[in-house]
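Open the model in your viewer and keep the sequence panel beside it. The tour moves from a metal site to aromatic rings and then to the cores.

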Amino acid sequence: MRHIALFLGAGCCLAVSAASAADYKAGSLDISDPWSRATPKGASVAAGYMSIKNSGSSPDRLVEGSSDVASKFEVHEMKMENGVAKMRPVKGGLEIKPGETVELKAGSLHVMFVGLKKPLSAGEHFKATLVFEKAGPVSVEYDVRAMGARSGGSMPGMHEH
Ligand SMILES: [Cu+2]
């Protein structure tokens, strides 16, 4: 029992340290901390990040989505090719295997809001809907953070869109 208590204690403190992080549950999925980066004036795309945990016993997939801020929602992966970071849409939906946590983060998998209707400024929030094959549609809110938020700086390959 003592081990369980310690474990819960650690979980509690982690949650407190990430004070603004939002958490959403849908079926066996747990979507944590959706956030986006502020964009320069005139940008036509913005990236979105979050982590998705599947605590169920069958795989699920992020198949589509939409948001208030852009005309299209895509899931991209980033690969290094000859030293250049290139991104491309993930085909057939983003799979989240049972027991796995898929991290969408800078320089890796990310959501791409394509056809931005206006620049995103730090401190804003916007609504988006994530659609999963099994868990169905989930409404989330993205937290817009400053351009230099977390590591990675500006997103390589961003201007290739
Ligand atoms: Cu992208």
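Four donors count as tetrahedral if all angles lie between 85 and 135 degrees. Keep that cut-off in mind for the first stop. Note too that this is a predicted model.

**Stop 1: the copper ion**

Select the copper ion and the side chains around it. Which atoms of the protein are its donors? They are ND1 of H76, SD of M87, NE2 of H110 and SD of M112, at 2.1 to 2.3 Å from the ion. The four donor atoms subtend angles of 89 to 122° around the copper ion, so the arrangement is tetrahedral.

Now find the donor residues in the sequence panel. Their spacing reads H-x10-M-x22-H-x1-M. M87 sits in strand β6 (residues 84-89) and H110 in strand β9, so this pair ties together parts that are 23 residues apart in sequence. Colour by accessibility next. M87 is buried, with a relative accessible area of 14%. H110 also counts as buried, at 1% relative accessibility.

**Stop 2: the whole chain**

Zoom out and switch to cartoon. The protein has one helix and 11 strands. The helix comes at the N-terminal end of the order, and the strands follow it. Of the 161 residues, 39% are buried. Among contacts with a separation of 6 or more, 68% join residues 24 or more positions apart. Turn on the surface: the protein exposes about 9100 Å², and carbon and sulfur atoms supply 57% of that.

**Stop 3: the aromatic rings**

Show Phe and Tyr side chains. The structure holds five aromatic pairs. Start with F73 and F113. Their ring centres are 5.9 Å apart and their planes stand at 75°, so the pair is edge-to-face. F73 lies in strand β5 (residues 70-81) and F113 in strand β9 (residues 110-116), so the pair ties together parts that are 40 residues apart in sequence. Are these rings buried or exposed? F73 counts as buried at 11% relative accessibility, and F113 does too, at 0%.

Stay on F113 and add F126. These two rings also form an edge-to-face pair, 5.1 Å centre to centre with 85° between the planes. F126 is in strand β10 (residues 125-132) and F113 in strand β9, so here the parts tied together are 13 residues apart in sequence. F126 is buried, as is F113. Now add Y142: F73, F113, F126 and Y142 form one aromatic cluster.

**Stop 4: the cores**

In soluble globular proteins, nonpolar side chains tend to be buried together. Select M50, I52, L130, F132 and Y142. Within the largest nonpolar core, which has 30 residues, these five touch the most other members. Centre on L130. Beyond its neighbours within four places in sequence, L130 has contacts that include I31, M50, L62, F73, V140 and Y142. A second, separate core has nine residues, among them V45, A47, M87 and V114. M87 is also a donor of the copper ion from the first stop.

**Stop 5: L116**

Finish in strand β9, where L116 lies. L116 is buried, with a relative accessible area of 13%. Which residues does L116 touch, not counting those up to four places away in sequence? They are T39, A43, S44, V45, A46, V69 and A70. Draw a last distance, from the C-alpha of L116 to the C-alpha of D68: 9.3 Å in space, for residues 48 apart in sequence.

Conventions
Residues numbered from 1 in each chain as written. Predicted model: local features only at pLDDT ≥ 70, side-chain atom pairs only at ≥ 80, totals over all residues. Heavy atoms only, no water. Phe/Tyr/Trp six-rings, centres within 6.5 Å; stacked < 30°, edge-to-face > 60°. Helix = DSSP H or I, 4+ residues; strand = E, 2+ residues; numbered from the N terminus. Buried < 20%, exposed > 50% of the residue type's maximum accessible area, 1.4 Å probe, protein only. Contact = heavy atoms within 4.5 Å. Areas by Shrake-Rupley, 256 points an atom, 1.4 Å probe, with all protein chains shown as cover. Donors = N, O, S within 2.8 Å, 3.2 Å for Na, K, Ca; no water. Tetrahedral: all angles 85-135°; square planar, octahedral: opposite > 155°, others 65-115°. Core = buried A, V, L, I, M, F, W, Y, C linked by side-chain atoms within 4.5 Å.
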